[in-house]
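Student: I would like to go through this structure with you and ask how some of its labels are earned. Could we take it step by step?

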Amino acid sequence: MSQFITIQVGQCGNQIGSAFWPLALHEYGIQIKNRFVDLLKIQRDHIRNIDALWDGFYSFFHVPGNTDNLCFKTIAELNEAKVKARAVLIDMEDSVVARFQHGPLRELFNRTCTVTNYPGSANNWATGYYTHGTEYHDRIEEVIRQSVESCDYLGGFLLLHSVAGGTGSGLGTATLKMLSDSYPHVDRLVSCIYPAGMEDVITGPYNTLLATRELIEHATCVFPAENNALLKMCETQIRNSDNMDQANFNALCLPFQDMNSIIVNMLLHLTSGSRFPGNLNIDISDLATNLVPYKRMHYIFSNVRPIALTAPKFFATNSSKLQDMLFTNALSRNNQLTKVHPLQPGSVVLSAAYIGRGQFSITGMKRNIERFQSKAKFTAWSKNSIKIGLCSVPPPGHTTSLLCLLNTSAISLMFTNLIEQFTKLYRRKAHVHHYSQVSGFENSQFLDCKETISNLCEHYMELQNQKQRHISRMQTL
């Protein structure tokens, strides 16, 4: 099984990490609090070989020594076995990271894999990228090297951060470039939070533009999300009358009520094929190969359904109807992680992938994909090339779940909005002096970033307006 190193950068990245690790443990039935129900017992009814569940434990956790039989149930047992998370915690303001060092999972994180400072990057991409990126380059590189050496088969890096602040955008993308230089053949999967335009960081448009250029240049795949979209999904989930009978149980599982848990569910589902067995499993490297048709075009829309921890009514639902419902919800505009709808009118699908976990049938998957093909607009070469993955291990509390991944030209609208917000601020040269006074940064980088992103948008538009060419296979001489 593949192993993944999770790198959490900045306040936002570490907040996502605070939801990631409890839910990752939850997939293996490990109780964080005694009052949690034993969902592993529920999973035993749907997993033929329960040992297959533990084979994937090494993907996110390092167990020292030769431990053949893994069957942890509590945090105390993890601490006794000296299990460590494959995590690197980076922040230039240590308040969020400190929670890991004092929380119930404090023994799970290696203190040597923590890089902190004070007082932060002052919401300045240049400070995070150049000042802290240079000062802590060797330290971060050494911490990552130690984590890599503990892996037997490194499948990829999961980088978590935001793009509007200083540390997440600046030091986060500096770390990404470091990974690209040091480990060019290892996938770099970035889950980043994009601003919705109403944040209190006035320099957000600058930071986002500068960070986006680095993501375009150095990431393998980027899975963007927006706070407003995540909040709307959470509010819809709370209002859903079907979940009201779960209120008492959800009260015990606070991470699943947080917006960060939606991103975590997506990442856990994304890596499920590399961690668990399946009849039609796909590895992370397969996804990158199939979802990225051209260099730099690696921004992927994602949506995982269901997003709640438990759904008792799903268990009583007919399997065929359940699959149809999951596909319908996954394509709903209200369930997208970004405000930009990937199937908006005029856009074309460059590539797509569906990953099912649990009791998914190939027949049902094929039927729903055919429905999707009839509704969406594809390029001439992508309609019949949808990637399918079937993982036999469902998420805890469910029999079935679905992850939808789409690479479409609609992402150009998000880039266009980003350029517009940047232009409004840069037209007056507002706050530019904060960046120009940072050693290593040049004002020309603003326009270079804008040009890079504009060129990418033009490439998307070319594909969107491209007409199918009919070339005869035999020509008369």
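Tutor: Happily! This is a predicted model. Let us start with helix α5 (residues 95-102), whose buried residues are Val 96, Val 97 and Phe 100.

Student: What makes the buried residues of α5 line one face of the helix?

Tutor: Looking down the axis of α5, you find its buried residues within an arc of 100 degrees, so they line one face. The face turned away from that buried side carries the exposed residues Arg 99 and His 102.

Student: Which elements do the buried residues of α5 pack against?

Tutor: They pack against β1 (3-9), α1 (10-26), β4 (87-91) and β5 (114-116).

Student: Why is Asn 124 called buried?

Tutor: The cut-off for buried is under 20% relative accessible area. Asn 124 has 5%, so Asn 124 counts as buried. Asn 124 sits in the loop between β5 and α6 (125-135), and beyond its neighbours within four places in sequence, its contacts include Gly 166, Asn 207 and His 434.

Student: Now the aromatic rings. Why is the pair of Phe 157 and Tyr 183 called tilted?

Tutor: Ring centres must lie within 6.5 Å to pair, and planes from 30 to 60 degrees apart count as tilted. The centres of Phe 157 and Tyr 183 are 5.4 Å apart and their planes stand at 55 degrees, so this pair is tilted. The pair links distant parts of the chain, with Phe 157 in strand β6 (residues 154-162) and Tyr 183 in the loop between α8 (167-182) and β7 (187-194). Both Phe 157 and Tyr 183 are buried.

Student: What makes Tyr 426 and Phe 446 a tilted pair?

Tutor: Try the test again: their centres are 5.3 Å apart, with 50 degrees between the planes, and the pair is tilted. Tyr 426 belongs to helix α18 (residues 411-426) and Phe 446 to helix α20 (residues 444-465).

Student: How do you know that Tyr 426 and Phe 446 are buried?

Tutor: By the under 20% cut-off. Tyr 426 has a relative accessible area of 13%, so Tyr 426 is buried, and Phe 446, at 0%, counts as buried too.

Student: One last point: what makes β9 and β11 edge strands?

Tutor: Four strands form an open sheet in the order β9-β12-β10-β11. β9 (301-305) and β11 (387-391) each have a single partner strand, so one side of each is left without a neighbour in the sheet.

Methods. Residues are numbered from 1 along each chain as its sequence is written. This is a predicted model: local features need pLDDT of at least 70, side-chain atom pairs count only at pLDDT 80 or more; totals for chains, interfaces and linings use all residues. Side-chain values use heavy atoms; hydrogens and water are left out. Two strands pair if DSSP finds at least two bridges between them. Helices (H or I, at least four residues) and strands (E, at least two) are DSSP runs, numbered from the N terminus. Buried means under 20% relative accessible area, exposed over 50%, partly exposed in between (1.4 Å probe, protein chains only). The arc is that of the directions from the helix axis to the C-beta atoms. Contact means heavy atoms within 4.5 Å. Rings of Phe, Tyr and Trp (its six-membered ring) pair if their centres lie within 6.5 Å; planes under 30 degrees apart count as stacked, over 60 as edge-to-face and the rest as tilted.
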